[in-house]
Amino acid sequence: MKKLLAIAFLSLGLATAQSIAEITRQVQANLERSPWEATVTGKVQLPDGSTQEADFRLQVIPGKEQLARVEFRKPAALEGNFVVISDREVWNYLFLTNQLIIQPRAKARIEGLGFNLTDLGDFEELTQRVTLRLLGEQNTPAGPAWRIGGAPKDASLGFASMEILVLKSDPRPLSITLRDSSNKVLADLNLTNFRRANLTPQTLRKRPADAEVLRRN
Amino acid sequence: MVRMKILRYPHAVRFVVLAFCFQLAALGFGQSLTFGLFGRLSPDHLTPTLEATLPLGELELRARLQRDALGLGLNGALELSALGRLSYGAGFSLGFAGWGLQAGAGAVLGPVAASLEALYSNTLRSSLWVGDEAEGGLKLGLGGRYRLEPRQTLGLQLGFKNSLAGTASGSGELSYALRQEKTYTFGLGVDDSRLYGLLGWRGELDEAGTLLEATLRAGQLNRLEAALSTPLDEEQLNTLKLRLTVAYPWAATLGVEAYGFRADASYEGSFSLWLRYRLSFGGSE
């Protein structure tokens with residue numbers, strides 16, 4: 001009887017493991033189909049401890065030469081700033097000083113707002129840094145969704161746990177919540193206005209022609 | 001005293017300058033090298049110029065050379081992603097005419113940007129570097145920008161100078177920028193007891209991203225500054241930049257920059273021309 005129970009638990013565990021792997025694969029395949037953009041809204045906690053309303057536009061060109069752009073609308077203090085992330089470089093534009101700082105991807109600090117938003121468009125990258133598990137299912141206004149929990153593999157990521165809702169009918173993230181070790185919410189963000197878009201690298205790399213370009217190595 | 005010692009050993013200075021050039025050439029991994037030729041009429045002055053930036057750990061070493069002076073400096077920065085950055089730097093210049101020191105720092109954090117600069121030289125700074133102004137002594141500058149709202153920004157510039165002759169003067173400028181589709185700037189300023197008003201316009205002229213910025217200061221001080229920047233390729237790797245400044249009493253500068261080439265012509269009592277070409281080694285644009 002004990003053996004049977006053990007086999008049943010093991011089978012259940014394997015099935016769950018396969019499920020999260022399968023969901024991850026489906027999300028990755030869906031988001032890699034074509035360029036897309038979405039609006040990310042919610043609340044984030046800034047490094048000074050204050051909570052701010054957040055409103056970003058996320059644009060992603062998937063594939064071998066993956067490129068992502070995050071444009072800030074809120075917090076108001078960051079409006080006009082943007083970050084462009086490629087495999088090799090991170091471009092960081094600061095509106096107030098009209099400066100574009102270009103850094104190698106390996107050295108750039110992207111997680112200035114607690115989380116690298118572009119990970120939402122690259123689940124493979126996300127699974128390398130976060131251990132994901134399926135928590136269950138949930139109904140959302142967009143339809144039934146998988147609830148996925150995550151724990152960072154590296155403590156330096158700046159959060160202790162995450163929860164992502166993934167739409168079942170069109171596998172893509174609907175929301176993400178990050179918490180610290182005392183379960184306090186660090187970021188609570190929703191992805192809306194998701195749409196496939198005709199994006200080009202030139203569109204995503206667009207910057208003011210008179211910006212001062214500073215390269216940091 | 002220092003100046004006298006240098007004048008006593010001009011060959012030694014030339015040797016140091018040449019050795020430094022060879023050292024730069026030998027290193028070969030400079031972030032960038034800029035070669036130039038500067039010429040001015042009355043008083044006649046012709047000199048090659050060389051500027052270099054080299055990564056030095058987390059810092060950047062900057063060097064500049066001309067016929068009769070050299071300058072060295074260190075810059076550093078702390079990047080905070082989209083939240084902002086903190087930058088700082090210091091340097092000195094030494095030449096047959098004298099010496100100079102400079103230090104500065106700048107910070108952008110959320111809605112605030114501020115910068116502070118201090119310079120001192122015991123000779124005209126243009127004697128230590130052809131690109132600097134024909135002023136000596138102490139110069140202090142403080143600049144700040146603050147976002148009232150996402151599309152409204154206040155700017156403040158304060159300056160203080162104490163010339164080599166011991167004459168002190170101050171300056172201040174307050175501006176307000178409103179960003180709609182284009183950016184409009186209004187302001188008031190005073191420079192050495194001369195009052196002026198400020199009007200500015202900045203905006204894109206076409207879908208390719210051609211951008212024009214024009215600033216007019218008029219009153220007891222009169223100066224028009226205009227800059228046109230246009231991308232030369234779809235990747236926006238190269239940009240054509242045109243800069244024009246016209247001032248009254250009559251002075252003017254005209255600058256053209258593209259594909260690493262840069263030409264600056266100016267008239268401020270006498271004509272000058274500075275031609276430069278920049279080589280980047282996977283470094284600064």
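## A walk through chains A and B

Start with chain A, which has three helices and twelve strands. Keep in mind as you go that this is a predicted model. Colour chain A by accessibility: of its 217 residues, 50% are buried. If you also draw its contacts, leave out pairs fewer than 6 apart in sequence; of the contacts that remain, 44% join residues at least 24 apart.

**Stop one: A:Glu71**

Select residues 67-74 of chain A. That's strand 3, and A:Glu71 sits in it. Is A:Glu71 buried, exposed or partly exposed? Its relative accessibility is 22%, so A:Glu71 counts as partly exposed; the cut-off for buried is under 20%.

Now show the side chains of A:Glu71 and A:Arg69: a polar contact of 2.8 Å joins them. Next, hide whatever lies within four places of A:Glu71 in sequence and see what still touches this residue. You should be left with A:Asp55, A:Phe56, A:Arg57 and A:Gln59, plus A:Asn81 and A:Phe82. For a sense of scale, put a distance label between the C-alpha atoms of A:Glu71 and A:Asp154. The two residues are 83 apart along the chain, and the label should read 27 Å.

**Stop two: a pocket with both chains in its lining**

Bring chain B into view and select A:Leu46, A:Asp48, B:Leu83, B:Leu109 and B:Gly110. Of the twelve residues lining the second largest pocket, these lie nearest its centre. How much space lies in this pocket? About 260 Å³. Colour the lining by residue type and you'll get eight nonpolar residues, three polar and one charged.

**Stop three: strands 16, 17 and 18 of chain B**

Stay with chain B and select residues 251-258 and 261-267. These are strands 16 and 17, paired in the antiparallel sense over seven bridges. To pick out one of the pairings, click B:Glu257: its bridge partner in strand 17 is B:Arg262. Then look at the hairpin's turn, where two residues lie between the strands and B:Tyr259 takes a positive phi near 50°.

Carry on to residues 271-280, which make up strand 18; strand 17 pairs with strand 18 too, in the antiparallel sense and over seven bridges. Here, select B:Ser266 and you'll find B:Ser272 of strand 18 standing opposite. Which residue in the turn between strands 17 and 18 has a positive phi? Click B:Gly269, with a phi of about 85°, in a hairpin that has three residues between its strands.

Notes:
Residues are numbered from 1 along each chain as its sequence is written. Chains are lettered from A and ligands numbered from 1 in the order in which they are written. This is a predicted model: local features need pLDDT of at least 70, side-chain atom pairs count only at pLDDT 80 or more; totals for chains, interfaces and linings use all residues. Side-chain values use heavy atoms; hydrogens and water are left out. Two strands pair if DSSP finds at least two bridges between them. Helices (H or I, at least four residues) and strands (E, at least two) are DSSP runs, numbered from the N terminus. Buried means under 20% relative accessible area, exposed over 50%, partly exposed in between (1.4 Å probe, protein chains only). Contact means heavy atoms within 4.5 Å. A polar contact is a pair of N or O atoms within 3.5 Å; within protein, one must be able to donate a hydrogen and the other to accept it, and residues adjacent in sequence count only if both atoms are side-chain atoms. On a 1 Å grid over the protein atoms alone, a cavity is a set of points where a 1.4 Å probe fits but cannot get out, and a pocket is an open set with protein on both sides within 12 Å along at least five of seven lines; lining residues have an atom within 4 Å of a point. Grid points are joined across faces, edges and corners, and a volume is the space filled by probe spheres set on the points. Ala, Val, Leu, Ile, Met, Phe, Trp, Tyr, Cys and Pro count as nonpolar, Asp, Glu, Lys and Arg as charged, and the others, Gly among them, as polar.
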